[in-house]
Amino acid sequence: MLYSYWRSSCSHRARIALNLKGVDYEYKAVNLLKGEQSDPEFVKLNPMKFVPALVDGSSVIGDSYAITLYLEDKYPEPPLLPQDLQKKALNHQIASIVASGIQPLHNLTVLRFIDQKVGAGESVLWTQQQIERGFTAIENLIQLKGCAGKYATGDEVQLADVFLAPQIYAAIERTKIDMSNYLTLARLHSEYMSHPAFEAALPGKQPDAPSSS
């Protein structure tokens, strides 16, 4: 069972990973705007009160990075990490930039704090700055390594793509980032949008998404 919120980019990553591995799962919605992540029963699953959380038999994993690696170990085919050590490290580096250097800096808790303490609407500029800083780093990193093929680190979908796809999607659809400055990432977005595993994981296709999303 995957505890998820339709608009959460972290949940989005987990959905992509599950789809890529061909794992059927039950979807359990957790409405962050209603504070359902603070429900005592959910806190037992993830004390950080974040989505996603994956329950697989007796295993409970409450972090998208950990979930993806768990799935990689349990379902090694198709692989999300290459055998080549340099490319493996690059996949982890790109995923880490998204998971540690971009997304946490503009999650719901941070944005609410900025609007309350600095001023209404100030969180928008903050979000754009954090995304652009991270995208610049990733764009330059991919170009420097010269590794991009059809996807971020080659011609097969790998860990970096699982993390990049939701962040790019959110940047375009919600933050209105000008992707003309990130030609490689813009091209990757087009590839992701046409891939069945990524398409099925889109926020608007989830059961808890508003019908107009």
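This passage describes a sheet, the helices packed on it, and several salt bridges in a predicted model.

The sheet is a good place to begin. It is open and has 4 strands, arranged in the order β2-β1-β3-β4 with mixed pairing. At its edges lie β2 (27-29) and β4 (59-61), each of which pairs on one side only. From one strand to the next, the twist averages 20°. Inside this arrangement, strand β1 (residues 2-4) pairs with strand β3 (residues 53-56) in the antiparallel sense, over 2 bridges. Within this pair, L2 stands opposite L54 in β3.

Two helices can then be placed on the sheet. Helix α1 (residues 9-20) packs on the sheet and touches β1 and β2. The direction of α1 makes about 145° with that of β1. Helix α3 (residues 64-74) also packs on the sheet, but its contacts are with β3 and β4. Here the direction of the helix makes about 30° with that of β3.

Helix α1 rewards a closer look. How far apart should the ends of a helix with 12 residues be, at 1.5 Å a residue? The expected span counts 1.5 Å for one less than the number of residues, so α1 should span 16 Å, and its end C-alpha atoms are indeed 16 Å apart. At the start of the helix, a side-chain oxygen of S8 comes to within 3.3 Å of the backbone nitrogen of C10. After the helix comes G22, whose phi is positive, near 70°.

Most of α1 is hidden from the surface: 11 of its 12 residues are buried. Among them are C10, H12, R13, I16 and L20. The partners of these buried residues include the strands β1 and β2, and also the helices α3, α4 (85-102), α7 (159-173) and α9 (196-199). One of the residues of α1 serves as an example. S9 lies in this helix and has a relative accessible area of 12%; the limit for a buried residue is under 20%, so S9 counts as buried. Leaving aside residues up to four places away in sequence, S9 touches Q103 and P166.

Charged side chains add another layer to the picture, with a count of 4 salt bridges in the model. Which residue forms a salt bridge with E72? The partner is K21, and the closest N and O atoms of the two are 2.6 Å apart. This pair links distant parts of the chain, since E72 belongs to helix α3 while K21 sits in the loop between α1 and β2, 51 residues apart. Both E72 and K21 are buried.

A second salt bridge joins the side chains of E41 and K44, at 3.1 Å from N to O. Both residues lie in helix α2 (residues 40-45), where they are 3 residues apart, about one turn of the helix. Are these two buried or exposed? E41 is exposed, and K44 is exposed as well.

Another of the salt bridges connects K205 with E199, with 3.0 Å between the closest N and O atoms. Partly exposed residues fall between the limits of 20% and 50%. K205 has a relative accessible area of 49%, so it is partly exposed. E199, at 30% relative accessibility, counts as partly exposed too.

Note on methods:
Residues are numbered from 1 along each chain as its sequence is written. This is a predicted model: local features need pLDDT of at least 70, side-chain atom pairs count only at pLDDT 80 or more; totals for chains, interfaces and linings use all residues. Side-chain values use heavy atoms; hydrogens and water are left out. Two strands pair if DSSP finds at least two bridges between them. Axes are lines fitted to C-alpha atoms, for helices over the stretch in contact, and angles run from 0 to 180 degrees between N-to-C directions. Contact means heavy atoms within 4.5 Å. Buried means under 20% relative accessible area, exposed over 50%, partly exposed in between (1.4 Å probe, protein chains only). A polar contact is a pair of N or O atoms within 3.5 Å; within protein, one must be able to donate a hydrogen and the other to accept it, and residues adjacent in sequence count only if both atoms are side-chain atoms.
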